[in-house]
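Please examine the structure below with its sequence beside it. The paragraphs that follow are meant to be read while looking at both.

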Amino acid sequence: MNLKRSSIIILSFLLCLVVGMAQKPSKKPTKRTETPNEKFVRKGGKTIQTKIHKGDDEELTSSIISGQRDLKLYDQAGHFNCRRWTTAAINNKGNYDEVDQRLAKARDFVWEHWQNKKRGYLRITFDSVDAVSTSHIFIEPDSQGAWQIVWRIARWHAIMRDSLDDMPVLRQVEKSKNKNGEAILIFKDADGEDWNSL
């Protein structure tokens, strides 16, 4: 009786094994692609809902923009108005050359301060048809003395709420060229991933 029962159990097991092998292998689940916003959050970026207001020369700012920084310790580059979509800018064809010159000065300031490990602070305002943003860029050491760029963006949009975006901390700055062969700076995080260009 035991031999018969054991034989039945073994045969049942083998039958299950053969049937299982004959079935098509199941497809592996496809890996979901991370959205840009998910990557932004995973890398340490955050969006803060706060009151954004216009400062001097149409720049956007907030009462919390500098955090706990003592701005007296920072070389000040000032504000670079690089808006191309204002009525005055559209009517003034020379505006594009002026914006390019301002961007070149901003790049020089960032590069010089990054290379020489000097604290620096600058603001750059950009616009589009329905939005305006001012980037507040702080070149500084972190609490451990490692140099970083903290890039905060004050945003106004015609449809969405005002916000302040803290980009992931930037740890590398590289000189490069854009598709037109013009000099630009590329800003990367600690993992070497690109986040911004200027």
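This explanation turns to a sheet, then to aromatic rings, and then to pockets. The model is a predicted one.

It is helpful to begin with the sheet. Strands of a sheet pair through backbone hydrogen bonds, and the pairing may be parallel or antiparallel. Here, six strands form an open sheet with mixed pairing, and their order is β1-β8-β7-β6-β5-β4. At the edges stand β1 (46-48) and β4 (75-81), each of which pairs on one side only. From one strand to the next, the twist averages 15°. The edge strand β4 can be followed in further detail: six bridges join β4 to β5, and these two strands run parallel. A position to locate in this pairing is Asp75, which stands opposite Gly120 in β5.

The aromatic side chains come next. How many aromatic pairs does a search of the whole structure find? The search finds three. Tyr74 and Phe138 make up one of them, with an edge-to-face arrangement in which the ring centres are 6.3 Å apart and the planes meet at 80°. Tyr74 belongs to the loop between β3 (60-61) and β4, whereas Phe138 belongs to strand β6; the pair therefore ties together parts that are 64 residues apart in sequence. Are these two residues buried or exposed? Tyr74 has a relative accessible area of 6% and is buried, because buried means under 20%. Phe138 is buried as well, with a relative accessible area of 0%. Together with Tyr121, the residues Tyr74 and Phe138 form one aromatic cluster.

Another aromatic pair consists of Trp151 and Phe187. This pair is also edge-to-face, with 5.0 Å from centre to centre and 80° between the planes. Because Trp151 lies in strand β7 and Phe187 in strand β10, the pair ties together parts that are 36 residues apart in sequence. Trp151 counts as buried at 4% relative accessibility, and Phe187 is buried at 0% relative accessible area.

The final topic is the space left between the atoms. Rolling a probe the size of a water molecule over the atoms shows where empty space is left. In this model, the largest pocket holds about 370 Å³ of space. Its lining consists of 17 residues, and those nearest the centre of the pocket are Leu103, Arg107, Phe126, Ser197 and Leu198. Two or more lining residues come from each of the elements α4 (95-115), β6 (131-141), β7 (147-157), β10 (183-188) and β11 (194-197). Which element gives the most to the lining of the largest pocket? The answer is α4, with four residues. By class, the lining of the largest pocket comprises eight nonpolar, five polar and four charged residues.

The second largest pocket has a volume of about 230 Å³. Its lining is made of 13 residues, among which Ala131, Arg155, Trp156, His157 and Met160 lie nearest the centre. The elements that give two or more residues to this lining are β5 (120-127), β6 and β7. The lining of the second largest pocket divides into five nonpolar, five polar and three charged residues.

The parts described above can now be connected. The strands β6 and β7 have places in the order of the open sheet, and each gives two or more residues to the lining of the largest pocket and to that of the second largest pocket. The aromatic pairs involve these strands too, since Phe138 lies in β6 and Trp151 lies in β7.

Methods
Residues numbered from 1 in each chain as written. Predicted model: local features only at pLDDT ≥ 70, side-chain atom pairs only at ≥ 80, totals over all residues. Heavy atoms only, no water. 1 Å grid on protein atoms, 1.4 Å probe; cavity = no way out; pocket = protein on both sides within 12 Å on 5 of 7 lines; lining within 4 Å. Points joined across faces, edges and corners; volume = space filled by probe spheres on them. Nonpolar A, V, L, I, M, F, W, Y, C, P; charged D, E, K, R; others polar. Pairing = 2+ DSSP bridges. Axes fitted to C-alpha atoms, helices over the stretch in contact; angles between N-to-C directions. Phe/Tyr/Trp six-rings, centres within 6.5 Å; stacked < 30°, edge-to-face > 60°. Buried < 20%, exposed > 50% of the residue type's maximum accessible area, 1.4 Å probe, protein only.
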